[in-house]
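Here are my notes on the model, set out as numbered points. Please read them with the structure open beside the text.

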Amino acid sequence: TRLPLCHPIPIDGIDVDVEESPDGARVLATARTTAKTGIEMEAMTAAAIGAVALYDMIKGLDRGAEIGAVRLLSKSGGKSGDWVR
């Protein structure tokens, strides 16, 4: 089954970093491709999976932990050009 608007993208690299924040932690994912299309969905998926993995590691210490908003912070290139939140 294919998802609408879903297409394979050659991924050149993905970096996922976890930073301590005043509210807990922040998962930041950066994805890179040389394709002529955006890769922001892949970056947001990496951030969401990273947040779930982090939750799994800390749930024994804090059952009330929450995963907050997953959102695009910036993108560059592609058909629509650069964008920054």
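1. Which element supplies the largest share of the lining of the largest pocket? The model is a predicted one, and in it strand β2 gives the largest share of that lining, with nine residues. The contributors of at least two residues each are β2, the helix α1 (residues 40–58) and the strand β3 (residues 74–75).

2. The same pocket can be described a little further. The volume of the largest pocket comes to about 1100 Å³, and its lining is made up of 39 residues, with Val27, Leu28, Ala29, Ala47 and Arg71 lying nearest the centre. By residue class, the lining divides into 20 nonpolar, eleven polar and eight charged residues. As general background to such a search, rolling a probe the size of a water molecule over the atoms shows where empty space is left.

3. On the overall architecture, the protein has one helix and four strands, and from the N terminus on these elements follow the order β-β-α-β-β. Taken along the principal axes, the box filled by the C-alpha atoms is roughly 45 × 35 × 20 Å. Of the 85 residues, 15% count as buried, and among contacts with a separation of 6 or more, 29% are accounted for by residues 24 or more positions apart.

4. Next comes the pairing of the two N-terminal strands. Strand β1, covering residues 13–21, and strand β2, covering residues 24–32, pair in the antiparallel sense over nine bridges, and the hairpin that joins β1 to β2 does so through two residues. Two positions may help in following the register: Asp15 has Thr30 as its bridge partner in β2, and Val18 stands opposite Val27 in β2. In general terms, the side chains of a regular strand alternate between the two faces of the sheet.

5. Which residues does Ala25 touch, not counting those up to four places away in sequence? Ala25 lies in strand β2, and its contacts are Val18, Glu19, Glu20 and Leu54. Between the C-alpha atoms of Ala25 and Ala51 there are 8.9 Å, although these residues are 26 residues apart along the chain. Ala25 counts as partly exposed because its relative accessibility is 43%, a value that falls between the limits of 20% for buried and 50% for exposed.

6. How many salt bridges does the count come to? The count comes to two. In one of them, the side chains of Arg32 and Asp15 meet at 3.0 Å, N to O. Since Arg32 lies in strand β2 and Asp15 in strand β1, this pair ties together parts that are 17 residues apart in sequence. Arg32 counts as partly exposed because its relative accessibility is 37%, and Asp15 is likewise classed as partly exposed, at 38%.

7. The other salt bridge joins the side chains of Asp56 and Lys59, with an N to O distance of 2.6 Å. Asp56 has a relative accessible area of 45% and is therefore partly exposed, while Lys59, at 27%, is also partly exposed.

8. A last point concerns Thr37, whose place is in the loop between β2 and α1. Leaving aside neighbours within four places in sequence, Thr37 is in contact with His7 and Ile9. Thr37 and Val52 are 15 residues apart in sequence, and their C-alpha atoms are 27 Å apart in space. With a relative accessible area of 27%, Thr37 is classed as partly exposed.

How values were computed: Residues numbered from 1 in each chain as written. Predicted model: local features only at pLDDT ≥ 70, side-chain atom pairs only at ≥ 80, totals over all residues. Heavy atoms only, no water. Pairing = 2+ DSSP bridges. Buried < 20%, exposed > 50% of the residue type's maximum accessible area, 1.4 Å probe, protein only. Contact = heavy atoms within 4.5 Å. 1 Å grid on protein atoms, 1.4 Å probe; cavity = no way out; pocket = protein on both sides within 12 Å on 5 of 7 lines; lining within 4 Å. Points joined across faces, edges and corners; volume = space filled by probe spheres on them. Nonpolar A, V, L, I, M, F, W, Y, C, P; charged D, E, K, R; others polar. Salt bridge = Lys/Arg side-chain N within 4 Å of Asp/Glu carboxyl O.
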